[in-house]
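Trainee: Could you pick one part of this structure and take me through it closely? I'd also like to know how that part sits in the chain as a whole.

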Amino acid sequence: MPDAVVVSACRTAIGTYRKGTLADTSAFDLAHTVVGASVERSGLAPEAVDDLVLGEVMYGGGDIARHAAVTAGLQEVPGVALNRHCASGLTAVAMAAGSIRAGMDDVVIAGGVESRSTAPLSRYRVPGTQDWDEAWMSPSHPDRPDAPNQDMSITVGWNAARIGGVTREEMDAWALRSHQRAVAAIDAGRFVDEIVPITVRRADGTETVFEVDEHPRRGTTLEKLAALKPLHPEIEGFSVTAGNSSGINDAAAAVTLASDDAVARHGLTPLAVVRSWASVGVDPAETGLAPVRAIPKALRRAGLEVGDVDLFEINEAFAAMCVATTRLLDIDEEIVNVSGSGCSLGHPVAATGARMVTTLVHELRRRGGGIAVAAMCAGGGMGSAMVLEVAAP
């Protein structure tokens, strides 16, 4: 069975919802920018690419992958857009790796894109009436009091905190460390190699080059985080705040994968090998703890254990689920989210999984290679994880 080899991995910098630099940049522009850069950085000719898979969650449907292929000059490359909520970008990479390992494709680009700032608002006609909901989002699971399908602060954040016994102080401490690590990574230039600069036209007609993540907060402190009000003060003990939750963001990421035969044939540089992946379903009320099942499942498929992993990234949809996951799986927090994650860098939903793969590959190569795991929960009671063996530079 062929290996699925990562031969390039890149992303845009991450913008802040509506007030950020990417507020007027469409998902289409973000997508073709990283897709084109991913091919260029791999050293492959466009005609070598067999397929393109992009996660897309909030942008209203369609096939943004095919749109990106045509715009990026990959006219003969088909495209498929997929939706596994927060895990869409990670699932896109898994789908590409699966096609290569099955011997069906030699080269596939995979990733995800999200422009929350320009995402369209949907309208939904309530069955049996002529009433239209002006801001409707398709739910990932049936609505329940213990797992509202439109409020992840309860379904994911608060439930993970209650089940995992996570305190407000632990959530805030995790979020603070996330910001500190992200800022340290930016200042040290650790993201430079993975970020594709994008020229952005502002509303006033001027242009700027966007190449630095703008969501991390340099001045945050435990005192500032502790002063934030809970998102649901009417619920006794509720401790999820905007400060210990992920951001709402805009970004895109793309990973080019090739078979080991294609790597040799085209003289490509192998960055990492996708060793395994796994997705799980859990009760929607336990969505935040889905990585507790997905991570061991993916590791078993690779013949590995938690102790074999050099770096983890567990997406900080909410700090509570990261604290609970590391505690339940006995993972050393020092090797988790070493460059920040959702609370600091932000969570551009469909792009996040591919962004995590990109950051892990670049960071672990700087450290001499090893085993990396990307994991995340996903709306509706799902979780996904992927095991990568990162090559030494």
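Mentor: Let's look closely at one helix and its partners, then step back to the whole chain and a few other spots.

First, some ground rules: this is a predicted model, where local features need pLDDT of at least 70 and side-chain atom pairs count only at pLDDT 80 or more, while totals for chains, interfaces and linings use all residues. Residues are numbered from 1 along each chain as its sequence is written, and side-chain values use heavy atoms, with hydrogens and water left out.

Our helix is α4, residues 152-164, and its partner is α9, residues 319-329. Helices here are DSSP runs of H or I with at least four residues, strands are E runs of at least two, and both are numbered from the N terminus. The two axes come within 8 Å and cross at roughly 35 degrees. Those axes are lines fitted to C-alpha atoms, for helices over the stretch in contact, with angles running from 0 to 180 degrees between N-to-C directions. The crossing of α4 and α9 is left-handed, meaning that the near helix is turned anticlockwise from the far one by less than a right angle.

Who does the touching? On the α4 side, V156, G157, A160, A161 and G164 make the contact, and α9 brings A320, M321, A324 and R327. Contact means heavy atoms within 4.5 Å. Sorted by class, that gives 6 nonpolar, 2 polar and 1 charged residues. For the sorting, Ala, Val, Leu, Ile, Met, Phe, Trp, Tyr, Cys and Pro are nonpolar, Asp, Glu, Lys and Arg are charged, and the others, Gly among them, are polar.

Staying on α4, have a look at W158, which belongs to this helix. W158 counts as buried because its relative accessible area is 13%; the cut-offs are under 20% for buried, over 50% for exposed and partly exposed in between, using a 1.4 Å probe and protein chains only. Leaving aside neighbours within four places in sequence, W158 is in contact with S153, I235, E236, G237, F238, S239 and V240. W158 also sits 9.9 Å from E286, C-alpha to C-alpha, although 128 residues separate them in sequence.

Now zoom out. The protein chain has 10 helices and 14 strands, and its C-alpha trace spans about 60 × 55 × 45 Å along the principal axes. Its radius of gyration is 20 Å, which agrees with the value near 21 Å expected for a compact globule of 393 residues; that radius is taken over C-alpha atoms, and the globule rule is 2.2 Å times the number of residues to the power 0.38. Buried residues make up 57% of the chain. Of the contacts between residues at least 6 apart in sequence, 78% join residues at least 24 apart.

A few more spots for your tour. L225 is in helix α6, residues 222-226, and counts as buried at 3% relative accessibility. Its contacts beyond four places in sequence include R168, D172 and G243. T12, in the loop between β1 and β2, is buried because its relative accessible area is 0%.

Finally, two non-glycine residues have positive phi: R18 near 65 degrees and N337 at about 55 degrees. R18 is in the loop between β2 and α1 and is exposed at 56%. N337 lies in the loop between α9 and α10 and is buried at 2%.
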